[in-house]
Amino acid sequence: TSDLVDLLSDRLGNTSLSEADIKPVRANAVIVMLVRNSEVNDAAGAIKQLEDRFNAKYNYPWVFLNDEPFDENFIQRTSQLVSGNISFGVIPHDHWVQPDWIDENRARDGRNRLMAQNVIYGGSISYRNMCRFNSGFFYRHELLQPYRYYWRVEPGVKYFCDMNYDPFLMMQEQKKVYSFTISLYEWQQTIPTLWSTVKEFIKEFPQYLAENNAMDYLSNDGGNTFNLCHFWSNFEIADMDFWRGEAYSAFFDYLEKKGGFYYERWGDAPVHSIAAALFANKDQIHFFRDIGYRHDPFQRCPQGDYHSQGKCWCDPTDNFDYRPNSCVQRFEDVQAGRI
Ligand code: GDP
Ligand code: MN
């Protein structure tokens, strides 16, 4: 590169040109994975795929977060796979555990109720910690402070297609704040009072509703009830400045005070989705039709030209997009103004 810099400097008669001036433009972005040491094999698989399909060309940094310190094995196994910088962070205690002011008797009742209903993770406290952390804390972690955009990756996920452009730059250039690959219905039993809380919040802070919001993606009756549509947050490429901003900060604080992360089992997926749909304009949410992605038990596989251009290895007939339990059609109808 330094030869090239000299050459360019010569040609331009500009001796102050530095290497940074001719580096390809990158976004201020990071790839982030919350993960346990015990998940190292599944983490390695996901890292390898995202590197091969995308990041080997772009070298974005990776940040790994954990509620306990990463062990030597995890650090070694993952470090050898990445093309960019890598760092490992421990989550501050208060960002992870159930706060003291939560009424534990009430929380236990909530867990028992969901367990009795056989709701997945119904009795798990650590799952609730994880959902609350992903909802309101990950973007405050010191290792993520330098960055604006992030790509959330989970252990065990699959990426089926080559990325031939930088999705972070696309997000930035098109002023997108949130993106998804799979959209589906939430389990009502995990969020009995979430929507009434959202309605209270809107009433108190109407100024945060975006003018051109996607309320109709979330509700079939103009906001009275929640239709349970949300974006599956195990895949996210999004703008942390949106989470750090005034509207979402007020929203998260409001939800937090209700205690629903512990009394019920509010997921980060409906929380993020509701916020993106209400506090951003609908054209700021992006559906990645060209990304092939699997998180068990669902996958989406790009169709037609997207499938060939991305050299996708998924079966195009195994695609969640327009299945009966998908909300993609509704999202597209709302974004296009058909609903
Ligand atoms: P699911 O996708 O809803 O079934 O939930 P997961 O079990 O995949 O958890 C979501 C993400 O949080 C994954 O990236 C997990 O590795 C991570 N995760 C869940 N629980 C914990 C935990 O107790 N500690 C840590 N460090 N990560 C967790
Ligand atoms: Mn998962």
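Colleague: Let me start with the rule: a residue is exposed if 12 or fewer other C-beta atoms lie within 10 Å of its own, buried if there are 20 or more, and partly exposed in between. With that in hand, is Asn 118 buried or exposed?

Modeller: Asn 118 has 8 C-beta neighbours inside 10 Å, so it counts as exposed. Do keep in mind that this is a predicted model.

Colleague: Thanks! Where is Asn 118 placed?

Modeller: Look at the loop between helix H6, residues 104-116, and helix H7; Asn 118 is there.

Colleague: And what is phi of Asn 118 near?

Modeller: The phi value is near 55°, which is positive although Asn 118 is not a glycine. For background, most residues other than glycine have a negative phi.

Colleague: Which other residue could I look at for a positive phi?

Modeller: Try Leu 228, where phi is near 80°, again positive in a residue other than glycine. You'll find Leu 228 in the loop between helix H10 (215-218) and strand S8 (229-231).

Colleague: Which burial class does Leu 228 fall in, and why?

Modeller: Leu 228 is partly exposed, because it has 16 C-beta neighbours inside 10 Å.

Colleague: What about peptide bonds: is the one from Asp 296 to Pro 297 cis or trans?

Modeller: That bond is cis, with omega near 5°. In general, most peptide bonds are trans. Pro 297 sits in the loop that links strand S11 (293-295) to strand S12 (298-300).

Colleague: Let's zoom out. How many helices and strands does the chain have?

Modeller: There are 16 helices and twelve strands in the chain. The radius of gyration is 21 Å, close to the 20 Å that the globule rule gives for 339 residues, so the chain is as compact as a globular protein of that length.

Colleague: What does the C-alpha trace span along its principal axes?

Modeller: About 70 × 50 × 40 Å.

Colleague: How much of the chain is buried?

Modeller: Buried residues are 39% of the 339 in the chain. Contacts are worth a look too: among those with a separation of 6 or more, 78% join residues 24 or more positions apart.

Colleague: Now helix packing. At what angle do H7 and H14 pack?

Modeller: H7 covers residues 125-136 and H14 covers residues 268-279; they pack at about 20°, with axes 8 Å apart. Angles under 35 degrees count as roughly parallel, and H7 and H14 are therefore roughly parallel to each other. Their crossing is right-handed.

Colleague: Which residues meet there?

Modeller: From H7 you have Cys 131, Asn 134 and Ser 135, and from H14 Asp 268, Val 271 and His 272. Sorted by class, the contact of H7 with H14 has two nonpolar, three polar and one charged residues.

Colleague: How does H12 pack against H14?

Modeller: H12, residues 246-258, packs with H14 at about 140°, and the axes are 11 Å apart. That makes H12 oblique to H14. The crossing of H12 and H14 is right-handed.

Colleague: Which residues make that contact?

Modeller: H12 brings Ala 247, Tyr 248, Phe 251 and Leu 255, while H14 brings Val 271, Ala 275 and Phe 279. By class, the contact of H12 with H14 has seven nonpolar residues, no polar ones and no charged ones.

Colleague: Switching to single residues: what does Thr 197 touch?

Modeller: Setting aside residues up to four places away in sequence, Thr 197 touches Leu 255, Lys 258 and Gly 260. Thr 197 lies in helix H9, residues 194-204, and it is partly exposed, with 19 other C-beta atoms within 10 Å.

Colleague: And Leu 34, buried or exposed?

Modeller: Leu 34 is buried, with 21 other C-beta atoms within 10 Å. Leu 34 belongs to strand S1, residues 29-34. Apart from neighbours within four places in sequence, Leu 34 is in contact with Leu 65, Met 130, Asn 134 and Phe 138. Asn 134 came up before, in the meeting of H7 with H14.

Colleague: Last one: how far is Leu 34 from Asp 67?

Modeller: Their C-alpha atoms are separated by 8.7 Å, and the two residues are 33 residues apart along the chain.

Notes
Residues are numbered from 1 along each chain as its sequence is written. Chains are lettered from A and ligands numbered from 1 in the order in which they are written. This is a predicted model: local features need pLDDT of at least 70, side-chain atom pairs count only at pLDDT 80 or more; totals for chains, interfaces and linings use all residues. Axes are lines fitted to C-alpha atoms, for helices over the stretch in contact, and angles run from 0 to 180 degrees between N-to-C directions. Helices (H or I, at least four residues) and strands (E, at least two) are DSSP runs, numbered from the N terminus. Angles under 35 degrees count as roughly parallel, over 145 as roughly antiparallel, 65 to 115 as roughly perpendicular and the rest as oblique. A crossing is left-handed if the near helix is turned anticlockwise from the far one by less than a right angle, and right-handed if clockwise. Two residues are in contact if their C-beta atoms, placed from the backbone, lie within 7 Å. Ala, Val, Leu, Ile, Met, Phe, Trp, Tyr, Cys and Pro count as nonpolar, Asp, Glu, Lys and Arg as charged, and the others, Gly among them, as polar. The radius of gyration is taken over C-alpha atoms; the globule rule is 2.2 Å times the number of residues to the power 0.38.
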